[in-house]
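Reader: I've got the sequence and the coordinates open side by side. Can you walk me through what stands out?

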Amino acid sequence: MKSSEYGKCEDCQQDNIGPQWCNTCNSKRFQSEFNEWTSEDAEIDEFIQKTQLTATKYEEVIEWIPFNRFNNIKYLDKGGKIWKRSQQDVCLKSLNTSTNKDGFLQEIKYQLKFRGIWAISIYGITKNPTENEYMMVMHYAIYGSLRKMLNSSFEKLTWHNKMKNLFYIALGLAKIHETGLMHKDFHSGNIVNETKTSSYITDFGLCKPVAENDLEKIYGVIPYMAPETLNRGEYTQASDIYSFGMIMYEVFTSYPPYYNIPHNEELVISICNGQKSHLIKYFNNSEIKKQIEKANELNKNFIQYNPKITHPQAIYTSRHLPFLKSKKIETIEHDTKQ
Ligand SMILES: [Zn+2]
């Protein structure tokens, strides 16, 4: 793409490299501010500076945001926090930087890479002085996670709305896969909704290049994990798509997969042996179009998912699953390709 497509900078008359974005002038401006802020961590400072100097548009810029600029901090689930800043809510996400700074910066890189269209926007980095932890400052999606949106708004969703949600999620996942990555932790708690129909993928903490596979650290939410991941610790792009299948099921029915049973070794064994959540079979049996017509009829007696009926040991936050290393599970041979 030729840079002159974006016209010339009004100040220095050089070609803009993005929409109203002059790299020379903006770099000078950012550089002049470098000594006015610090994260107190040289690596994080350098990361923010580099992002600012290589930006090609306003949305690509992240900044250091001092913690005292936040007010009205409320806690969300999973350690996220909401912060109000001149009518705008943002989400603060801590990422255990004390033990894993590389992972923190990598997650921000991925979030930035897919930001805007497929992933939620990121504004910068801050540090909570009392807990001494660095945090990612992100756009706050009004409806919260896809799971929360289904809990609060499922009855208002038309079939068209449901399809639209899944369409955006599928596009986002395809984008991640196109760049040679896998998400590895794809579930309805890691997708957020800005409206009832626009879903964004988030949580790139486990996102990894396809070539990297760490068998020792299996994290996840069991109902969304493919059999080959559960029994052999194997992650592939196909296992992300298996997770997407579970999300489809959830968006269509309002029910999270396996909500009524404990998420333990027994469930893992039955998934590895080919058991599928019973409603999935129902959706596999005929085409979606036909289902939509039928569904409206069936919906008359439909009982929507109520979070209160969830089994207390059904756990929908990503966690380390050491029991997957047991012999009982490792010897089962079954995967999504079958
Ligand atoms: Zn300029």
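**Strands, helix and core**

Author: Let's start with a pair of strands. This is a predicted model, and in it strand 5 and strand 6 (residues 133–139) run antiparallel, joined by 6 bridges.

Reader: OK, which residue in the turn of that hairpin has a positive phi?

Author: Strand 5 and strand 6 form the hairpin, with 4 residues between them. The turn residue with a positive phi, about 55°, is N132.

Reader: Going up the ladder, which residue in strand 6 is the bridge partner of K127?

Author: The two strands run antiparallel. T126 stands opposite M135 in strand 6. For K127, the bridge partner is Y134.

Reader: Strand 5 has another partner, I think. In which sense do strand 1 and strand 5 pair, parallel or antiparallel?

Author: Strand 1 covers residues 63–64 and strand 5 covers residues 122–128, with 2 bridges between them. One of the pairings puts W64 against I125. The sense of the pairing is parallel.

Reader: Back to strand 6: how many of its 7 residues are buried?

Author: The cut-off here is 20 or more other C-beta atoms within 10 Å. Strand 6 is largely enclosed by the rest of the structure, because the number of its residues that count as buried is 6 of the 7.

Reader: Now the core. Which element gives the most residues to the largest nonpolar core?

Author: The largest nonpolar core has 59 residues, and I125, M136, V137, M138, Y200 and I201 have the most contacts inside it. With 6 residues, the element that gives the most to this core is helix 7.

Reader: And which domains does this core draw at least three residues from?

Author: In general, nonpolar side chains in soluble globular proteins tend to be buried together. This core, with its 59 residues, draws at least three from each of domain 1 (37–139) and domain 2 (146–336).

Reader: Quick geometry check: how far apart are the end C-alpha atoms of helix 7?

Author: Helix 7 covers residues 237–253, which makes 17 residues. At 1.5 Å a residue the helix should span 24 Å, and the model agrees with that: the end C-alpha atoms are apart by 25 Å.

Reader: What follows helix 7, with a positive phi?

Author: Among the buried residues of helix 7 are F252 and T253. Most residues other than glycine have a negative phi. Just after the helix, with a positive phi near 80°, comes S254.

Reader: Is S254 buried or partly exposed?

Author: S254 sits in the loop between helix 7 and helix 8 (265–272). Buried would take 20 or more C-beta neighbours within 10 Å. S254 has 18 inside 10 Å, so the verdict is partly exposed.

Reader: What about Q13, buried or exposed?

Author: Q13 is in the segment before helix 1 (23–33), and has a positive phi of about 65° although it is not a glycine. The cut-off for exposed is 12 or fewer C-beta neighbours within 10 Å. Q13 has 8 other C-beta atoms within 10 Å, so Q13 is exposed.

Reader: How far apart are the C-alpha atoms of A141 and S199?

Author: A141 is in the loop between strand 6 and helix 4 (146–153) and counts as buried, with 23 C-beta neighbours inside 10 Å. Leaving out residues up to four places away in sequence, A141 touches I120, V192, N193, E194 and Y200. A141 and S199 are 58 residues apart along the chain, yet their C-alpha atoms are separated by 9.3 Å.

Reader: Which residues does L166 touch, leaving out those up to four places away in sequence?

Author: L166 lies in helix 5 (residues 159–178) and is partly exposed, with 18 other C-beta atoms within 10 Å. The C-alpha atoms of L166 and G245 are separated by 9.9 Å, with their positions 79 residues apart along the chain. The residues L166 touches are M248 and V251.

Reader: Last one, for the whole chain: what percentage of the residues count as buried?

Author: The protein chain comes to 11 helices and 12 strands. Of the contacts with a separation of 6 or more, 65% join residues 24 or more positions apart. Of the 338 residues, the share that counts as buried is 33%.

Methods: Residues are numbered from 1 along each chain as its sequence is written. This is a predicted model: local features need pLDDT of at least 70, side-chain atom pairs count only at pLDDT 80 or more; totals for chains, interfaces and linings use all residues. Two strands pair if DSSP finds at least two bridges between them. The expected span of a helix is 1.5 Å times one less than its number of residues. A nonpolar core is a set of buried Ala, Val, Leu, Ile, Met, Phe, Trp, Tyr and Cys residues joined through C-beta atoms within 7 Å. Domain bounds come from an automatic or database domain assignment. Two residues are in contact if their C-beta atoms, placed from the backbone, lie within 7 Å.
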